[in-house]
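Here is a short tour of a protein chain and the small molecule it holds. Take a moment to look at the sequence and the 3D view, and then we will walk through them together.

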Amino acid sequence: MAEHALTTWESQDLRDRILERLLDAEGDWVSGAELSAITGVSRTAVWKHIQTLEELGFTVEAVRHRGYRLTHVPDIVLEPLLRRRLPAGCALGRRVLYAPVIGSTNATLAHLAQSPALPHGTVLAAGTQTGGRGRRGRSWFSPDTGLWFSVLIRRQIPLSRAAEITLLASVAVRRAILRQTDAPVQIKWPNDLLMDERKVCGILAELRADGEEVQHVVLGIGINANVPHEAFPDELANIATSILAASGRPVHRTQLGADVLRELEPMVEALAMGGAGFAAVIDEWRSACHTLGRDIRVQTPGGLVEGFAIDISPDGRLLVRTHTGERLSIPSGEVLF
Ligand code: BTN
């Protein structure tokens with residue numbers, strides 16, 4: 001399995017170099033000979049990569065003695081397309097792997113991350129996930145109209161501060177969505193994003209730690225970007241939405257992904273440097289929060305808690321006053337609708 005995956009990733013590299021050159025040409029012709037020289041593979045191999053691009057939704061014109069030119073670029077998260085939308089030097093997204101269909105980007109990236117050669121910031125994105133993972137062992141509905149990706153964070157972060165990563169990610173995703181729509185986006189503690197009081201994005205961080213130090217985090221982000229409302233299965237129809245359904249307009253998914261990474265990058269670096277982390281964006285999180293100031297029910301590992309959500313602490317705990325007046329500080333759990 002690993003070997004197969006790695007072979008595939010290597011050939012993605014060649015395909016991406018060909019794509020990079022075609023994109024640079026901005027619709028002009030690039031000869032097969034040049035593509036072959038850039039990649040160091042035969043012209044027949046170049047042609048096979050062109051076919052792969054077509055399978056992914058690109059339209060490439062091929063004419064004898066002239067070469068190839070791009071006439072249509074799909075909105076998918078391939079490295080050359082994402083990188084063009086990222087600031088120079090952004091470590092998150094500096095390497096991007098893409099699978100049209102995969103079980104779970106989190107599961108596969110966690111597997112690939114066993115190799116220390118896989119750099120910090122590697123992104124694995126997918127068109128569709130057949131076994132998308134949600135929190136608490138749930139599955140995550142992942143049709144081909146969404147944005148599903150995982151980011152490898154390999155930074156020295158104390159285990160005690162790891163929970164801040166998902167909170168920071170929720171702020172980054174919210175900012176990214178708001179770059180493309182005016183429709184309100186709220187945060188449900190700890191890191192669900194809501195539009196129209198329904199879930200539009202879920203975040204799942206899975207980490208590997210050595211003692212008190214995080215070795216790496218696989219940060220999975222699922223955004224129901226352009227999922228038509230009627231596509232949600234019955235059990236999700238009343239609790240899930242998409243940016244398309246909530247705002248009435250589709251979003252550019254590659255741009256959305258790039259904006260998430262661009263927003264997240266400085267936050268992760270600050271956390272890794274021992275800086276403010278979540279505390280730096282806590283006011284923004286509070287002002288966007290759907291949970292605070294309400295009577296809520298929270299499913300915690302220790303049981304159901306009912307009470308009034310007072311505040312969040314700088315390390316991400318939800319502060320609740322129960323109906324008997326007891327004040328609780330809840331490190332993890334799920335607010336029930
Ligand atoms: C949740 O239950 O709220 C978390 C959902 C996280 C879904 C994303 S989609 C990309 C990544 N790969 C997965 O298998 N899960 C996460």
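## A strand with neighbours on both sides

Strands E4 and E5 run antiparallel and are joined by four bridges. This is a predicted model, so keep in mind that we are reading a prediction. One pair to find in the viewer is Val123 and its bridge partner in E5, Val151. E5 also pairs with E10, again in the antiparallel sense, this time over seven bridges. There, Ser150 has Gly220 of E10 as its bridge partner. If you are wondering what holds such strands together, strands of a sheet pair through backbone hydrogen bonds, either parallel or antiparallel.

Is E5 enclosed or open to the outside? Seven of the seven residues of this strand, which covers residues 147-153, are buried, so E5 is largely enclosed by the rest of the structure. Both of its faces are covered: Leu147, Phe149, Val151 and Ile153 are buried on one side, and Trp148, Ser150 and Leu152 are buried on the other.

## Around the ligand

Which residues come nearest to the ligand? There are 19 residues around the ligand, and Ser104, Thr105, Arg133, Arg135 and Lys199 come nearest. A polar atom in the side chain of Ser104 lies 2.7 Å from a ligand oxygen. Thr105 has a polar side-chain atom 2.9 Å from a nitrogen atom of the ligand. From Asn106, it is a polar backbone atom that lies 3.5 Å from a ligand nitrogen. Taken alone, the ligand exposes 410 Å², and the protein buries 99% of that.

Thr105 leads us on to Gln129, a residue of strand E4. A polar atom of the Gln129 side chain lies 2.8 Å from the backbone nitrogen of Thr105. The side chain of Gln129 also makes a polar contact of 3.0 Å with the side chain of Ser142. Gln129 has a relative accessibility of 10%, and because buried means under 20%, it counts as buried.

## Two hairpins in a row

Now follow the chain to strand E8 (residues 192-195) and strand E9 (residues 198-210), which run antiparallel and are joined by three bridges. Met195 stands opposite Arg198 of E9. The two strands form a hairpin with two residues between them. In that turn, Asp196 has a positive phi of about 50°, although it is not a glycine. Most residues other than glycine have a negative phi, and most peptide bonds are trans. Asp196 is exposed, with a relative accessible area of 53%.

E9 then pairs with strand E10 (residues 213-223) in the antiparallel sense over 10 bridges. Cys201 finds its bridge partner in Ile223 of E10. This hairpin, too, has two residues between its strands, and Gly211 takes a positive phi near 60° there.

## Two more backbone details

Where can you find a cis peptide bond? One joins Trp189 and Pro190, with omega at about 0°. Pro190 sits in the loop between strand E7 (186-188) and E8.

Glu26 belongs to the loop between helix H1 (2-24) and helix H2 (32-39). Its phi is positive, about 50°, although Glu26 is not a glycine. Glu26 is exposed, with a relative accessible area of 72%.

## A helix with a bend

Helix H9 (residues 253-272) has 20 residues. From first C-alpha to last, H9 reaches 28 Å, close to the 28 Å expected at 1.5 Å a residue. H9 bends by about 30° at Leu264, and Pro266 follows within four residues. H9 is mostly covered, with 14 of its 20 residues buried. Just after the helix, Gly274 takes a positive phi of about 80°.

## An open sheet of five strands

Last comes an open sheet of five strands with antiparallel pairing, in the order E14-E13-E12-E11-E15. Its edge strands are E14 (327-330) and E15 (334-335), each of which pairs on one side only. Within the sheet, strand E11 (residues 295-300) and strand E12 (residues 303-312) pair over six bridges in the antiparallel sense. To see one match across these strands, look for Arg297, which stands opposite Glu306 in E12.

Key:
Residues are numbered from 1 along each chain as its sequence is written. This is a predicted model: local features need pLDDT of at least 70, side-chain atom pairs count only at pLDDT 80 or more; totals for chains, interfaces and linings use all residues. Side-chain values use heavy atoms; hydrogens and water are left out. The expected span of a helix is 1.5 Å times one less than its number of residues. The bend at a residue is the angle between axes fitted to the seven residues ending there and the seven starting there. Buried means under 20% relative accessible area, exposed over 50%, partly exposed in between (1.4 Å probe, protein chains only). A residue is near a molecule or strand if one of its heavy atoms lies within 4 Å of it. A polar contact is a pair of N or O atoms within 3.5 Å; within protein, one must be able to donate a hydrogen and the other to accept it, and residues adjacent in sequence count only if both atoms are side-chain atoms. Accessible areas come from the Shrake-Rupley method with a 1.4 Å probe; for residues, only the protein chains shown count as cover. Two strands pair if DSSP finds at least two bridges between them.
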